[in-house]
Amino acid sequence: MRTLRGAAVLALVAALMAVQARAAEPVKIGFITTLSGPAGVIGKHMKDSVELALDHLGRKVGGLDTEVIYRDDQRKADVGKQVADELLKKDRVNFVAGIIWSNVMLAVAPTVTGAGTLMVGTNAGPHELAGKMCNELYFTTSWQNDQTPEAMGKHMQDQKITDVYVMAPNYAAGKDMVNGFKRYFKGKLVDEVYTKLGQQDYQAEITALRAANPKAVFVFYPGDMGIQFLKQYAQAGLRDQIPLFSVYTVDETTLPAVGDAALGNFEARYWSPDLKNEASQKYVADFKKKFGYTPSYYGAQSYDGILLIDSAIRAVKGDLGNKKGMVAAMRKADFKSTRGKFTYNVNHHPIENFYLLKAVKGASEVEMQIQKTVFENHKDAYYQDCPMKW
Amino acid sequence: MSWLLVLEQCLNGLQFGVMLFLMAAGLTLVFGIMNLVNLAHGSLYMVGAYFATAAFGWTGSFVLSVVFSLLATLAVGMVVEVVALRTLYERDHLDQVLATFGLILFFNEAVAMVWGRTALFTTVPKALSGHLQLLPGLRYPAYRAVIILVGLAVALLLYVVVSRTRLGMLIRAGASNRTMVAALGVNVRLLYTIVFGVGAALAGLGGLMAGPIYTVQPGMGDDILIQVLVVIVIGGIGSIRGALVGAVVVGMVDTLGRAFLKPMLSTTIGPAAANDAGPALASMLIYILMAAVLSFRPQGLFPAARG
Amino acid sequence: MAEPLLSVRGLRKRFGGLVATDGVDLDVAEGETLAVIGPNGAGKTTLIAQLSGDLAPDAGTIRFAGEDVTALPAPERSGRGFARSFQVTSIFREFSALDNVALAVQAHAGHSFRFWRRAREERALREPARAVLAQVGLAARADVEAGALAHGEQRQLEIAMALATRPRLLLLDEPVAGMGIDESQRMVALLRTLRGRHTIVLVEHDMDVVFALADRISVMVYGRVIATGAPEAIRGNAEVRRAYLGEEVRA
Amino acid sequence: MRTPRTLALAVGFVALALVPVVAAALNQPFYLDLVRRIMIFAIAAVSLDLILGFGGMVSFGHAAYLGVGAYAVAIPAFYGVHSGFVQWPLAVGLSALVALVIGTLSLRTSGVYFIMITLAFAQMLYYLGISINAWGADDGMRLARRSQFGGAVDLGNPYVFYYVVFGLLVLLLWLGHRLIHARFGMVIRAARSNEPRLRAVGFATFRYKLAAFVLAGAACGLAGALLTNQTEYLTPSYMHWTRSGDIMVMVILGGMGTLFGPVLGAIVFLLLEDVLAAWTVHWQVVLGPLLVLIVLYARRGLWGLLAGRG
């Protein structure tokens, strides 16, 4: 056993030396997302946006030759962990980025940071990583899960809306969303209903909802659940009767399938394709030109992720061994983000604006339109649990 | 809760049950006659939904899209039967489960390659988008009412075909004694291909009707497949009658469980606990039902003659 | 007459509308060979299945050695000395002939929750199995895969498996079915050696076999026993001739 | 006929034993992780094969025990109990208990009904898992530390962990080898071959099948405990029905009713997945028909092919 440990130590030392010696070599970024299966559509949005970011940077991130290795996590935590190990130990990437799902992120992020590699999350925002488990090497370009429902809660509170009916799938994120909502919404809740994860038919719940006769409905139904719920809500004739407020339910990945059934829907979000700033407009225009469809926030934050890495490498002048320098640079968020200028909180989560969006009839199809700013420079609720100081 | 609400939830349960029946009928026929466990049945449901959506895009006519989808799914089913499944009839169920599991992977990915992974847009045809006033105080979506009617019509049609026609006689005979049917000089291979195709078309019918209310996307058939398997196991594999009863029972139990379990629990164990236990229990309900049925009747409610 | 070893009263079994056995009464004395004959569909195989415990009767009782065994499942009846052969050859095809018989020995040699010692090296299982194989004339075929044996040999193997459980009562369902003349004669010779040493209930179509082996014969028609008696008496029974033997002759 | 297999076996074991050495020499520690994960699934596959291949019980819910074993490690860890001496026996015992309950109810059925009822139980546990908020629900739980074995064994060391998994796999294969040739194994295999006959010679088959079912569940529970340690994470999706399908595919791909077939199946399936997935996002369109072909033309699995025509 002792000789084995010796061998292990030797191997580690050799690996570290190899990394050191390759400081001037090209930068390698491992990008993990879900590419196969139904959720592969989100992965496609993210991957296409990474490609666009590379185009905008002349295929050189931080001025170095760049190789991005895309890996599929199949939406499984253990597969995500395995591809992360592969990226770290076999491909020896300098950065790992991506990750859609909270559970995959919770398995992957500690693996990456534990190996001394920088991790840039571009979607999942589990509260653990914003609070107790925050890490110097972990950044996110998206948000903490709760921030978005908090924005919706605040908006509805501001509007003095009451008698709200709440629905979400029966799993951890669903309950987190409702908790985030309730952190700012203090009005009367008619009922809280949790449905089966992956449920297809909501007719029974919609029937019960109508019988309860609320003044407003707040839901969280990501992906195909959202498509189904919105269609059935509209088909039940409730669209014109009870206003629907949602988070992570209507976006550019699902809008094409929902169509008119989304009209009039309110969403809260930190970014929308119609956001008026130079970086965002350039991103949206070039994205549509190159890929022929409208980008989503999944894409925008992935695009940002590459730009964040770019800013870090430039700050250390290509010295990829200088992790401290890169972390310091990333904390400045010194790049042209699609959301406009923002700052990082102590826990490496963005302090950013949140907007109220509404689904409206656009030129040819239904699109999301920013109505107003709900939060300016909103911090997540967990940063005080994060022991990091800087 | 008013009795009107209960009635409406029962209609919802019936509608879900009818949807399950359309899938279950084909699956149970194929099992009863060819002794084939076809996990890829959900893929045919998906294919039906995709064909209908695509055809609606080309023609703009709902009726044409229905006809096209039915024929196309029938054709796909027959091709799959001839190419892949025919050799599996004499194999044990394990081989069948595995091979058709492989077909699921193939179909999900093939659909994603052709139509992309983004869910497709479909909606209820204009003529059916309204509501029916069934009773004072009870309005029901027209489209869902149509689903119920179509499902019941199919059930009736299947009953007539199976019990009154020569094809039905062969089907019944085939379910109980395969060699005898062959001895009658019937082209068994062709019979099998046709039956499989019809089963596929029924699944396609389920899929095309589901499209406007659910999501048309790769893998859409997987979850419903598991529920349909529960249906035919509860009903008794190989029995059309069992499929109908099983489907309605499962549809009702699932729907009513989702609708009333939580309110009922909250009166006994309190609202907070009910909020945790209710949804969890509701999602397990049909599996609990199945385990219970099989504990008392290991062959389901209506065991096929072949035992 | 002392109490019979096997005593059946009012045995009834229906399948849907079909009555397979309709109130069957039988008594078999210790050491006796009773043949049950009857046309196809008379309910003979159903009777054997109920006697062996593979089918539960709808009504009636089965008493064995003074004990009511009606409710006992097949394995427990085996433990009390029942053994059977099947109408359609039923063996462990992937195992060697010796394994087949050794399994039968194993069933009656303590429990089988033994996870370590190789069963094929247990002399307590292999030796008796070899002896029984030799008894039925398969000693030379011990290591052949059972599925590869000739049809007649497979039937012999079935008898061997039944004997290996040291039965008091043998239930034989058409032991010579599908055999050639030679094979059939060998089987009859084998069964003849068992007469008297075991109590036997024999279902058989082949009248030569029946008359060669039976001490008494019961005739079943449409689920009922219409006559029971010594072979000569049955041969002479007009009702039996009309219902059964005549038919056989014509066929 | 035996030679190619014996050779393959020897080469295979030496290769598995040498993976860490080679990985260290080539400075490619990733392969340590990859092969370790493969061996963990090999344990699960071998355990399934005990009932599926040898016992003829087609359980479509075997991933349930993977999940139970995983929870048995993660839940104590969540409450601060990191000792493997607690977690691992708990994983084995708890999955045995769950298998006892599921088996008692399921083994009354047979054929497709058995396939479906085992699937149903696994689905129940899956939905239970995603509903329990205290234990992470759908998100699952992170394992703060791998199981601790005092100072004796340090699973944090990838090489040590590798040899622990390797040792357990070899142990399982050895125990399995003894078991299938012992009295118990003869009964189980005979039950697959011809259950009515087995009952007729006097075996009350139910209790033997149930015992095999419980043993298989227990072994798979151990695989679950290893998998959480490997991933340092637990999610209820370990119990999803597609996971049961995957394990079943490994068994049949490798060759059911053999001890080493499932190991080979796990190796080929997971390597194939890794290679194909890196090559195209549409890898399932290749894997699917491949499965069909294997079922149609290589019925005895890859291990059977190694034996050639025999």
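What follows is a chat about the contact between chain D and chain A and about salt bridges in this predicted model.

Colleague: How many residues does each side bring to the contact of chain D and chain A?

Modeller: Chain D contributes 39 residues and chain A contributes 35 residues. Between them the two chains bury about 3500 Å², and 53% of that area is on carbon and sulfur atoms.

Colleague: And which residues of chain D lose the most area to chain A?

Modeller: Those are D:N27, D:F30 and D:D139, which together account for 16% of what the chain D side buries.

Colleague: What about charges, so how many salt bridges cross the interface of chain D and chain A?

Modeller: The rule finds 6 salt bridges across that interface, and one of the salt bridges in the model joins the side chains of A:K81 and D:E232, at 3.0 Å from N to O. Across the interface of chain D and chain A there are also 9 residue pairs in polar contact, with both residues at pLDDT 80 or more.

Colleague: Which helix gives the largest share of the chain D side?

Modeller: That is α2(D), with 6 residues, while the helices of chain D that each supply at least two residues to the side touching chain A include α5 (112–131), α9 (205–231) and α11 (261–279). By residue type, the side of chain D that touches chain A divides into 19 nonpolar, 9 polar and 11 charged residues.

Colleague: Changing topic, how many salt bridges are there over all chains?

Modeller: The count comes to 53 over all chains. Within chain A, A:E150 forms one with A:R183, where the closest N and O atoms are 2.4 Å apart; A:E150 sits in helix α6 (residues 147–158) and A:R183 in helix α7 (residues 172–184), and the pair, 33 residues apart, links distant parts of the chain.

Colleague: Is A:E150 buried or exposed?

Modeller: A:E150 is buried, at a relative accessible area of 1%, whereas A:R183 counts as partly exposed at 31%.

Colleague: What does C:E153 pair with?

Modeller: C:E153 forms a salt bridge with C:R141, with the closest N and O atoms 3.0 Å apart. Because C:E153 lies in helix α5 (residues 151–164) of chain C and C:R141 in the loop between α4 (123–135) and α5, the pair ties together parts that are 12 residues apart in sequence. C:E153 is buried at 15% relative accessible area, and C:R141 is partly exposed at 29%.

Colleague: Which residues do salt bridges that share partners join into one network?

Modeller: That network consists of A:E51, A:D55, A:R59 and A:K290. The side chains of A:E51 and A:R59 meet at 2.9 Å, N to O, with A:E51 buried at 19% relative accessible area and A:R59 partly exposed at 39%.

Definitions and conventions. Residues are numbered from 1 along each chain as its sequence is written. Chains are lettered from A and ligands numbered from 1 in the order in which they are written. This is a predicted model: local features need pLDDT of at least 70, side-chain atom pairs count only at pLDDT 80 or more; totals for chains, interfaces and linings use all residues. Side-chain values use heavy atoms; hydrogens and water are left out. Contact means heavy atoms within 4.5 Å. Buried area is the accessible area (1.4 Å probe) that two parts lose on being put together, summed over both. A salt bridge is a side-chain nitrogen of Lys or Arg within 4 Å of a carboxyl oxygen of Asp or Glu. A polar contact is a pair of N or O atoms within 3.5 Å; within protein, one must be able to donate a hydrogen and the other to accept it, and residues adjacent in sequence count only if both atoms are side-chain atoms. Helices (H or I, at least four residues) and strands (E, at least two) are DSSP runs, numbered from the N terminus. Ala, Val, Leu, Ile, Met, Phe, Trp, Tyr, Cys and Pro count as nonpolar, Asp, Glu, Lys and Arg as charged, and the others, Gly among them, as polar. Buried means under 20% relative accessible area, exposed over 50%, partly exposed in between (1.4 Å probe, protein chains only).
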